[in-house]
Amino acid sequence: MKQISFKPYSQKELPVGFKYPDSYLKLSLDLEHINSIPYFSWWFSDAEKPLEEITNIYYILTGKRNLLDFARDGDWAACFDLTDHSGDPKVFVYDLGNKENFYEKENFDEWLSFVLNNI
């Protein structure tokens, strides 16, 4: 089943100063373009659990504080750094089964482009 949309955390739930990238928020409302891409395997995360619980889980799994996952693909998790106040936060992508296996992208757009170009 294809994902139609996803629900980010509200601005009042997020740490003061953190702002999602505009392109991420736009994508959250309509995944039609993503769904038209064959073999796209990432699933975007909904804001369901308390933010503190999520950041604690990712700290245990990655050893890095203040991460908020926004997408998953099997054991891989793409995360925003909640201490980034630029409005265009860096993206950290971890293999949750091996925290030594990770990569970084400058922002959400670079991450999405990387993922789409490597399908």
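These legends go with several views of a predicted model of one protein chain.

**View 1. The whole chain and its order of elements.** Here's the full fold: the protein chain has four helices and five strands. Read from the N terminus, the order is α-α-β-α-β-β-β-β-α. The radius of gyration comes out at 14 Å, close to the 14 Å that the globule rule gives for 119 residues, so the chain is as compact as a globular protein of that length. If you're setting up a box, the C-alpha trace spans about 35 × 30 × 25 Å along its principal axes.

**View 2. Surface and charge.** About 7000 Å² of the protein chain is exposed, with 51% of that area coming from carbon and sulfur atoms. On the charge side, count 12 positive and 20 negative side chains; the centres of these two sets sit 2 Å apart.

**View 3. The largest nonpolar core.** Buried residues account for 42% of the 119 in the protein chain. The largest nonpolar core holds 35 residues, and F44, F70, F108 and W111 are the members that touch the most others in it. At least two core residues come from each of α1 (22-29), α3 (51-62), β2 (67-73), β3 (76-81), β4 (91-95) and α4 (108-117). In soluble globular proteins, nonpolar side chains tend to be buried together.

**View 4. Zooming in on F108.** Leaving aside residues up to four places away in sequence, F108 touches P21, S23, Y24, L27, F44, F70, F80, D88, P89 and V91. For the chain as a whole, take the contacts between residues at least 6 apart in sequence: 53% of them join residues at least 24 apart.

Terms used. Residues are numbered from 1 along each chain as its sequence is written. This is a predicted model: local features need pLDDT of at least 70, side-chain atom pairs count only at pLDDT 80 or more; totals for chains, interfaces and linings use all residues. Side-chain values use heavy atoms; hydrogens and water are left out. The radius of gyration is taken over C-alpha atoms; the globule rule is 2.2 Å times the number of residues to the power 0.38. Buried means under 20% relative accessible area, exposed over 50%, partly exposed in between (1.4 Å probe, protein chains only). Contact means heavy atoms within 4.5 Å. Accessible areas come from the Shrake-Rupley method with a 1.4 Å probe; for residues, only the protein chains shown count as cover. Lys and Arg count as positive and Asp and Glu as negative; His and the chain ends are not counted. The place of a charge is taken as NZ of Lys, CZ of Arg, CG of Asp or CD of Glu. A nonpolar core is a set of buried Ala, Val, Leu, Ile, Met, Phe, Trp, Tyr and Cys residues joined through side-chain atoms within 4.5 Å.
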